[in-house]
Amino acid sequence: MTNEQRNKIDSIIERHKPDDTCILQDITGAGILGLPSKWVLLELQWDSGKVYQYGISPEGRSHT
């Protein structure tokens with residue numbers, strides 16, 4: 001995971017304040033769930049059942 005990805009993840013978590021999070025890293029270089037190679041998948045979860053997923057590029061850009 002790049003520093004840019006870590007910074008973006010911290011920013012998203014601080015902004016949305018989820019009850020739980022899940023972070024999946026691409027350690028094999030094959031991509032995760034359709035994301036390009038080296039991207040990170042961030043999932044934000046709330047007790048109400050609401051879930052947001054963000055794909056985060058190595059440069060720190062996020063896509064929902």
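Biologist: Where in the chain is the place of Leu 33?

Modeller: Ground rules up front: this is a predicted model, where local features need pLDDT of at least 70, side-chain atom pairs count only at pLDDT 80 or more, and totals for chains, interfaces and linings use all residues. Residues are numbered from 1 along each chain as its sequence is written, and side-chain values use heavy atoms, with hydrogens and water left out. Helices (H or I, at least four residues) and strands (E, at least two) are DSSP runs numbered from the N terminus. With those labels, Leu 33 sits in the loop between E1 and E2.

Biologist: What is the phi of Leu 33?

Modeller: Most residues other than glycine have a negative phi. Leu 33 isn't a glycine, yet its phi is positive, near 45 degrees.

Biologist: Is Leu 33 buried or exposed?

Modeller: The labels go by relative accessible area: buried is under 20%, exposed is over 50%, and partly exposed is in between (1.4 Å probe, protein chains only). Leu 33 comes out at 72%, so it counts as exposed.

Biologist: Which other residue in the loop between E1 and E2 should I look at?

Modeller: Try one that has a positive phi of about 75 degrees although it is not a glycine. At 58% relative accessibility this residue counts as exposed. It lies in the loop between E1 and E2, and it's Lys 38.

Biologist: In what order do the strands form the sheet?

Modeller: The chain has one helix and four strands, and along the sequence the pattern reads α-β-β-β-β. Two strands pair if DSSP finds at least two bridges between them. The four strands make an open sheet with antiparallel pairing, in the order E1-E2-E3-E4.

Biologist: Which strands stand at the edges?

Modeller: The sheet is open, with its strands in the order E1-E2-E3-E4. Two strands have a single partner each, so one side of each is left without a neighbour in the sheet: E1 (20–25) and E4 (62–63).

Biologist: How many bridges join E1 and E2?

Modeller: Cys 22 has Glu 43 in E2 as its bridge partner, and Thr 21 stands opposite Leu 44 in E2. E2 covers residues 40–45, and its antiparallel pairing with E1 has a bridge count of six.

Biologist: How many residues of E2 are buried?

Modeller: E2 has a partner on one side in E1 and on the other in E3, to which six bridges join it. E2 is mostly covered, and of its six residues the buried ones number five.

Biologist: Which glycine in the turn between E2 and E3 has a positive phi?

Modeller: The two strands run antiparallel; Gln 45 has Val 51 as its bridge partner, and Leu 41 stands opposite Gly 55. They form a hairpin with five residues between them, and the glycine with a phi of about 100 degrees is Gly 49.

Biologist: And which glycine has a positive phi in the hairpin of E3 and E4?

Modeller: E3 and E4 pair antiparallel over two bridges, and Gly 55 has His 63 in E4 as its bridge partner. Five residues lie between the strands, and the glycine with a phi near 95 degrees is Gly 60.

Biologist: Which residues does Ser 57 touch?

Modeller: Ser 57 lies in the loop between E3 (51–56) and E4. At 0% relative accessibility, it counts as buried. Contact means heavy atoms within 4.5 Å. Leaving out residues up to four places away in sequence, Ser 57 touches Gln 5 and Trp 39.

Biologist: What radius of gyration does the chain have?

Modeller: The radius is taken over C-alpha atoms, and the globule rule is 2.2 Å times the number of residues to the power 0.38. The C-alpha trace spans about 35 × 20 × 15 Å along its principal axes. For 64 residues a compact globule would come out near 11 Å, and this chain agrees, at 11 Å.

Biologist: What percentage of the 64 residues is buried?

Modeller: Take E2 as one part of the picture: five of its six residues are buried. For the whole chain, buried residues make up 28%.
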